[in-house]
Amino acid sequence: MTVSYNGLWKIMIDKGLQKQDLVNKAGLSSATVAKMGKGEPVSNKVLEKLVKYLECNINEIISYE
């Protein structure tokens, strides 16, 4: 099973955000953002921060293929 963050990237494009915004404004580390860029799994705490920052549901940012 592979993790896909395509929903996250789409939301970021729609909102005009860059990956650096996840570091500076959502409180993620650059290493975590790099992991997501490679399609690697991240912790639930990270997903919680993303949902709160982007004001969306978990199903909108991550899927499993």
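Contact means heavy atoms within 4.5 Å. I note that first, as I use it throughout.

**Ground rules.** I am reading a predicted model, where local features need pLDDT of at least 70, side-chain atom pairs count only at pLDDT 80 or more, and totals for chains, interfaces and linings use all residues. Residues are numbered from 1 along each chain as its sequence is written, and side-chain values use heavy atoms, with hydrogens and water left out. Helices (H or I, at least four residues) and strands (E, at least two) are DSSP runs, numbered from the N terminus. I call a residue buried under 20% relative accessible area, exposed over 50%, and partly exposed in between (1.4 Å probe, protein chains only).

**Entry 1: helix H3.** Which residues of H3 are buried? In this helix, residues 30-37, I found Thr32, Val33 and Met36. Looking down the axis, I see these buried residues fall within an arc of 100°, so they line one face of H3. The arc is that of the directions from the helix axis to the C-beta atoms. I recalled the rule behind this: an α-helix has 3.6 residues a turn, so residues three or four places apart point the same way. Ser30 and Ala31 are exposed on the face turned away from the buried side. I then checked the cover over the buried residues of H3, which includes helix H1 (6-14), helix H2 (19-24) and helix H4 (44-54). Just after H3, Gly39 has a positive phi of about 75°.

**Entry 2: helix H1.** I listed Leu8, Trp9, Ile11 and Met12 as buried in H1. Their arc is within 160° down the axis, so they too line one face of the helix. On the other side of H1, I found Asn6, Lys10, Ile13 and Asp14 exposed. The buried residues of H1 pack against H2, H3, H4 and helix H5 (58-61). Gly16, just after H1, takes a positive phi of about 70°.

**Entry 3: Trp9 and the rings.** What lies over the face of Trp9? I found Lys19, at 4.8 Å from the ring centre. A charge counts as over a ring if NZ of Lys or CZ of Arg is within 6 Å of the ring centre and within 35 degrees of the ring normal.

**Entry 4: helix H4.** Val46, Leu47, Leu50 and Leu54 are buried in H4. They cover an arc of only 100° around the axis, which puts them on the same side of H4. The face turned away carries exposed Asn44, Lys45, Glu48 and Lys52. I see H1, H2, H3 and H5 among what covers the buried residues of H4.

**Entry 5: Glu55.** Where is Glu55 found? It sits in the loop between H4 and H5. Its phi is positive, near 55°, in a residue other than glycine. I remembered that most residues other than glycine have a negative phi. Glu55 is exposed, with a relative accessible area of 71%.

**Entry 6: the core.** A nonpolar core is a set of buried Ala, Val, Leu, Ile, Met, Phe, Trp, Tyr and Cys residues joined through side-chain atoms within 4.5 Å. The largest one has 20 residues, and Tyr5, Leu8, Leu22, Leu28, Met36, Leu50 and Ile61 touch the most other members. H1, H3 and H4 each supply at least two residues of this core. I followed Tyr5 further, not counting residues up to four places away in sequence: its contacts include Met36, Gly39, Leu47 and Ile61.

**Entry 7: Gln20.** Gln20 lies in helix H2. At 46% relative accessibility, I count Gln20 as partly exposed. Its C-alpha atom is separated by 8.5 Å from that of Val33, 13 residues apart along the chain.
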